[in-house]
Amino acid sequence: MGETLKLFGWKVSPYSHRAEVALRLKGVKYEFIHEDLANKSDMLIRYNPILKKIPVLLQGDTPIVESQVIVEYIDEVFDGHPILPKDPYERAEARFWARFIDEKVRPQAWMSCWTDGETQKSFIAQAKESLATLQGRLEGKKFFGGDSIGLIDIMACSLALWYGVMQEVVGLNLLNEDDYPELCRWGEEYRNAEAVKECLPERELIVGFFAPRKDRIFATKAPVYD
Ligand SMILES: N[C@@H](CCC(=O)N[C@@H](CS)C(=O)NCC(=O)O)C(=O)O
């Protein structure tokens with residue numbers, strides 16, 4: 001693995017963080033290339049022509065795209081901290097929860113912040129149920145991965161920081177210590193893990209993205225990059 005690794009990312013993005021924390025856990029050197037998503041670079045378009053999104057991991061001239069794909073690639077290619085379990089059944093189970101997070105938890109949590117009225121009530125009810133289900137998967141363990149960070153922890157990273165910021169910006173308090181003590185405890189463990197601390201964005205950076213765009217994000221239901 002002689003080639004220089006480059007990560008095209010954006011510090012505000014939890015997807016970008018997923019890839020970066022996987023590299024940090026493995027102790028692999030890489031260059032972080034900040035993308036301006038309002039004015040995407042030719043390199044980003046060249047290396048991710050179909051989706052045109054960050055993160056993109058570039059190994060030599062070979063791009064790997066999509067955060068979970070990148071995390072799994074890093075785990076397969078580099079020695080050190082195991083991210084996915086060795087056992088095929090446990091690996092399948094971790095991938096199931098990764099999918100649950102991306103298909104249920106994240107969109108429900110996002111929409112509970114950026115809708116109102118009956119629609120919001122419905123998303124809040126769905127998010128509450130999914131958060132409780134996810135919390136149950138912790139089973140009293142330090143991390144979803146057991147004693148150390150694994151795929152599910154990395155996939156759930158937005159619950160450890162980003163979702164709290166969004167809640168604060170829109171004045172919601174859904175993910176709180178009274179209702180989700182285990183999930184909040186997990187969030188603290190995650191934020192305090194060495195590899196995470198090395199690459200977790202400052203809370204202010206995320207507030208600085210969401211707060212001024214609050215109305216436009218509410219209107220579009222999607223991030224606004226300019
Ligand atoms: N499913 C993708 C999502 C990545 C994603 O949505 N990236 C956003 C930044 S947070 C992006 O590049 N957006 C640019 C765009 O949509 O034009 C992943 O897991 O990597």
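Which residues are linked with Asp102 in a network of salt bridges? Arg18 and Arg106 are the partners, so to speak: Arg18, Asp102 and Arg106 form one linked network of salt bridges. A salt bridge here is a side-chain nitrogen of Lys or Arg within 4 Å of a carboxyl oxygen of Asp or Glu.

Before going further, note that this is a predicted model, in which local features need pLDDT of at least 70 and side-chain atom pairs count only at pLDDT 80 or more, while totals for chains, interfaces and linings use all residues. Residues are numbered from 1 along each chain as its sequence is written, and side-chain values use heavy atoms, with hydrogens and water left out.

**Salt bridges**

The count comes to 15 salt bridges. Among them are these three:

| Basic residue | Acidic residue | N to O distance |
|---|---|---|
| Lysine 11 | Glutamate 20 | 3.0 Å |
| Arginine 99 | Glutamate 103 | 4.0 Å |
| Arginine 203 | Glutamate 168 | 2.5 Å |

Arginine 203 belongs to helix α11 (residues 203-220) and glutamate 168 to helix α8, so their pairing ties together parts that are 35 residues apart in sequence. By contrast, arginine 99 and glutamate 103 share helix α4 (residues 88-113), sitting 4 residues apart, about one turn of the helix. Helices (H or I, at least four residues) and strands (E, at least two) are DSSP runs, numbered from the N terminus.

How covered are these side chains? Buried means under 20% relative accessible area, exposed over 50%, and partly exposed in between (1.4 Å probe, protein chains only). Glutamate 20 counts as buried because its relative accessibility is 3%, while lysine 11 is partly exposed at 25%. Arginine 203 is partly exposed too, at 31%. Arginine 99 and glutamate 103 are both exposed.

**Strand β1 and its neighbours**

Strand β1 (residues 5-9) has 4 of its 5 residues buried, so the rest of the structure largely encloses it. Two strands pair if DSSP finds at least two bridges between them. With strand β3 (residues 56-59), β1 runs antiparallel and is joined by 4 bridges; here phenylalanine 8 stands opposite valine 56. With strand β2 (residues 31-34), β1 pairs in the parallel sense over 4 bridges, and lysine 6 stands opposite glutamate 31.

**An acidic loop residue**

Aspartate 179 sits in the loop between α8 (162-170) and α9 (181-192). Its relative accessibility is 46%, so aspartate 179 counts as partly exposed.
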